[in-house]
Amino acid sequence: MARTLPWDWYDGTIPANVEVADTAYIETSFSFSRYRSEAEVGVRYEHGAHSYLGTMFDVGPRGRVRIAQHALLHGVRIICDDSVEIGDHAMLSWNVVLMDSYRVPRDPEQRRPLLRRLPETRPRALEPDRNARPVVIGANVWVGFGACVLPGVTIGTGSIVAAQAVVLEDVAPYTIVAGNPARAVRELEAP
Ligand SMILES: CC(C)(COP(=O)(O)OP(=O)(O)OC[C@H]1O[C@@H](n2cnc3c(N)ncnc32)[C@H](O)[C@@H]1OP(=O)(O)O)[C@@H](O)C(=O)NCCC(=O)NCCS
């Protein structure tokens, strides 16, 4: 059943297909104002996972998001038409964007009708992308503010994505990447 959060400033609900462990925390239901998932479990918050103000789940009808144990999302935008997985103890900073799809054709002739139809579309949202490619953020990853992770990318366990990086390709475990396009700038020691 959809439910409210006792501390919420926004007059919304957590949708019924969002699974939240007793020990997890969601600051506000506003995070779900663009959520459209019809999956059995559209978002799963595991033990101790938490999300704060500015986190937005723009999840299409087939989208599924998993937030593993103790992962922290601080104002992260997730655009998901297939699958986004965030590993345990991952830390994602302000204005990080994770997207498994673009929803926007490259051809302007195809974009124009989408824009014209949008005002009549309910909810006002672009069509989900059937060619979405899953995004995986590994365990213990730290993503700095304003970074963007594009469709199909896996970030290996223990890696760091520098502030404002644009990640187009997979990142090996225990690696710092920075820049646009993101490149490895340093190796980290695996524990
Ligand atoms: C990723 C980060 C932690 C790396 O720090 P570091 O290990 O001390 O790395 P350095 O500063 O020695 O930088 C290593 C190289 O990467 C480059 N670099 C580091 N951060 C960069 C960034 N955000 N964008 C582009 N290049 C960057 C440096 O210029 C340097 O390049 P060089 O070897 O050619 O001189 C840090 O740069 C960063 O982005 N921190 C963001 C913190 C953040 O977002 N906090 C939010 C609260 S959670």
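This passage describes the strand pairing and the nonpolar core of a predicted model.

Residues are numbered from 1 along each chain as its sequence is written. Because the model is predicted, local features need pLDDT of at least 70 and side-chain atom pairs count only at pLDDT 80 or more, while totals for chains, interfaces and linings use all residues.

A good place to start is the sheet. Strands are DSSP runs (E, at least two residues) numbered from the N terminus, and two of them pair if DSSP finds at least two bridges between them. Five strands make up an open sheet with parallel pairing, in the order 5-8-11-14-17. Strand 5 (56–59) and strand 17 (166–167) stand at its edges with a single partner strand each, so one side of each has no neighbour in the sheet. Within this order, strand 11 (residues 97–99) runs parallel to strand 14 (residues 148–149) through two bridges, and Leu98 has Val149 as its bridge partner.

Further parallel pairing involves strand 9 (residues 83–86), which four bridges join to strand 6 (residues 64–67); here Val65 is matched with Val84. Strand 9 also pairs with strand 12 (residues 135–137) over three bridges, again parallel, and Ile86 has Ile137 as its partner.

Turning to the interior, the largest nonpolar core (buried Ala, Val, Leu, Ile, Met, Phe, Trp, Tyr and Cys residues joined through C-beta atoms within 7 Å; buried means 20 or more other C-beta atoms within 10 Å of the residue's own, placed from the backbone) has 44 residues. Ile78, Ile155, Val161 and Val167 have the most contacts inside this core. Beyond its neighbours within four places in sequence, Ile155 is in contact (C-beta atoms, placed from the backbone, within 7 Å) with residues including Ile137, Val149, Val161 and Val167.

Technical notes:
Buried ≥ 20, exposed ≤ 12 C-beta atoms within 10 Å, placed from the backbone. Contact = placed C-beta atoms within 7 Å.
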